[in-house]
Amino acid sequence: MTRIESVRLRRILDSRGNATVEADVLTESGGFGRAAAPSGASTGEYEAIELDPGEAIASAREHAVPRLEGNVYVGDQRDVDTTLRSADGTDNFSEIGANSAVAISMAAAKAAADVLGAPLYQHLGGAFRGDTFPVPLGNVIGGGEHAADATAIQEFLAAPVGAPSVQDAVFANAAVHQEAANILDERDVPSAKGDEGAWAPSIDDDEAFEVMDEAVSTVADDFGFDIRFGLDVAGAELYEDGEYHYRDQTRSTDEQIEYVADLVDEYDLVYVEDPLDENDYDGFAELTDAVGDRTLICGDDLFVTNVERLSDGIEQDAGNSILIKPNQIGTLSDAFDAIELAVENGYDPVISHRSGETEDTTIAHLAVATDAPFIKTGSVGGERTAKLNELIRIEQNVSRL
Ligand SMILES: O=C(O)[C@@H](CO)OP(=O)(O)O
Ligand SMILES: [Mg+2]
């Protein structure tokens, strides 16, 4: 094994035009890994702390980098991540920033893969991974915190569950995205794009359901395999003073549960993320009991990739799926722990991008390494296609990472 020789940190641009942290890790044997932190807009209350990138870099240089350089073996991911945690000294990375931590953690993993001469997914998941692929959930129409004056529900996601290959699935999602534009055009609804490249038309959620339903079935007919759809309601963003606020109406918690359960059946939804507020374990449990046998009820802001919050959820049968965002918790080791706990307890892990992204492709490798059934990483746009195209390369065994 080879030790980390140097860690370099810098500010780079993310897809929203904000600064984010990029890390380079070099090993004593000449291995190299580079990774960048993504950034959320609809962030959960319990996420690890993202600092201003300049501050995060300065603090990581002072506290973490000296402990890593010359000391830690790059292939020992647990040691890399434990060192980051002890350098930080808090339980939420508020000292060095989860943005510095996750960039270093992922860059170290890539440097270790480089030393091995193996693709990242193989270093992370072992020699027997790489034959099964996640179904990509592609954001087609959206609003919420990701676009002004658009749908209340944050994301309407195409799910090509019947695709014979990841390549077919990726192209199907892009086709649904295009078909949705055609349908909006026929309806004379102008539309720009939101933060993740989804259409952000000024329509209500009912109309978005109609557009999605039509787009998905048209493309399913064209492609000849089953395509369904799902949602990220981002319930915490709608919830205020005990009610869920939509464009022209509000819903109580009971009404929200009934509303979502009805949508699952009406549209045969394959996936519903954050249907309720991030503190409402009871509501999640009630909805999971009602429809969890036929759809995924996924906790994003509810679980924040955190094993303790997931354990609470498991105890209460809240949800049957967890969204995995490495920057929500700060290290790859923590994300792996959350995935393992989820799988042991029958929860499906869904690996996810953030609304603010870079061209970093780590999550594509993480999904293959952990045999995750789904990955959520958009459907079009350079920072989204970076991950989707990497999945296609991994499928063809030509990933260079
Ligand atoms: O809510 C989400 O799931 C994400 C990604 O789609 O959005 P953000 O990164 O803004 O939290
Ligand atoms: Mg979400």
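Which residues does UniProt list for "domain: Enolase C-terminal TIM barrel"? The unreviewed entry gives residues 130-401. The views below come from a predicted model.

**View 1. The span listed as "domain: Enolase C-terminal TIM barrel" in UniProt, residues 130-401.** The annotation comes from an unreviewed entry. In the predicted model, the span is 43% helix and 16% strand. The C-alpha atoms at its two ends lie 13 Å apart.

**View 2. The magnesium ion (ligand 2) and its donors.** Three residues coordinate the ion: Asp232 (OD), Glu273 (OE) and Asp300 (OD). The distances are 2.0 to 2.2 Å. Along the sequence, the donors follow the spacing D-x40-E-x26-D. Asp232 and Asp300 link distant parts of the chain, 68 residues apart. Asp232 belongs to strand 6 (residues 228-232). Asp300 sits in the loop between strand 11 (296-299) and helix 11 (307-315). Glu273 is found in strand 10.

**View 3. The UniProt "binding site" residues, Asp232, Glu273 and Asp300.** This listing, too, is from an unreviewed entry. The three residues are spread over 69 residues of sequence, yet they cluster in space. Their largest C-alpha distance is 9.0 Å. Are these side chains' residues buried or exposed? Take Asp232 to begin with: its relative accessible area is 1%, so it is buried. Glu273 has 0% relative accessibility and therefore counts as buried. Asp300, at 2%, is buried as well.

**View 4. Surroundings of Glu273 and Asp300.** The contacts given here leave out residues up to four places away in sequence. Glu273 touches Leu231, Asp232, Val233 and Ala234. Glu273 also touches Cys298, Asp300, Leu323 and Lys376. Asp300 touches Asp232, Glu273 and Asp274. Further contacts of Asp300 are Leu323, Lys325 and Gln328.

**View 5. Strand 6 and its partners, strand 5 and strand 10.** Strand 6 is mostly covered, with four of its five residues buried. Strand 5 (residues 155-159) runs antiparallel to strand 6, and five bridges join them. Here Glu155 stands opposite the donor Asp232. Strand 10 pairs with strand 6 in the parallel sense, over three bridges. In that pairing Leu231 stands opposite Val272.

**View 6. Strand 10 beside strand 11.** Strand 10 (residues 271-273) pairs with strand 11 in the parallel sense. Three bridges connect them. Tyr271 has Leu296 of strand 11 as its bridge partner. Which way do the residues of strand 11 point? Leu296 and Cys298 point one way, and Ile297 and Gly299 point the other way. In a regular strand, side chains alternate between the two faces of the sheet. All four of these strand 11 residues are buried.

**View 7. Helix 3, residues 77-88.** How does the length of helix 3 agree with its residue count? At 1.5 Å a residue, its twelve residues should span 16 Å. The end C-alpha atoms are 17 Å apart, which agrees. The buried residues are Gln77, Val80, Asp81, Thr83, Leu84, Ala87 and Asp88. They cover an arc of only 155° around the axis, so they lie on the same side of helix 3. An α-helix has 3.6 residues a turn, so residues three or four places apart point the same way. What covers the buried residues includes strand 1 (4-13), helix 1 (53-63) and helix 2 (65-68). Helix 4 (98-116) and helix 13 (332-344) also take part in the cover. Gly89 follows helix 3, and its phi is positive, near 80°.

**View 8. His245 in strand 8.** Strand 8 covers residues 243-245. Is His245 buried or partly exposed? Its relative accessibility is 35%, so His245 counts as partly exposed; the buried class would need a value under 20%. His245 touches Leu238, Glu240 and Thr250, leaving aside residues up to four places away in sequence. Gly235 is ten residues from His245 in sequence. In space, the two are 9.4 Å apart, C-alpha to C-alpha.

Methods
Residues numbered from 1 in each chain as written. Chains lettered and ligands numbered in written order. Predicted model: local features only at pLDDT ≥ 70, side-chain atom pairs only at ≥ 80, totals over all residues. Heavy atoms only, no water. Donors = N, O, S within 2.8 Å, 3.2 Å for Na, K, Ca; no water. Buried < 20%, exposed > 50% of the residue type's maximum accessible area, 1.4 Å probe, protein only. Expected span 1.5 Å × (residues − 1). Arc of directions from axis to C-beta. Contact = heavy atoms within 4.5 Å. UniProt positions renumbered as here; feature names shortened; annotations may be inferred. Pairing = 2+ DSSP bridges.
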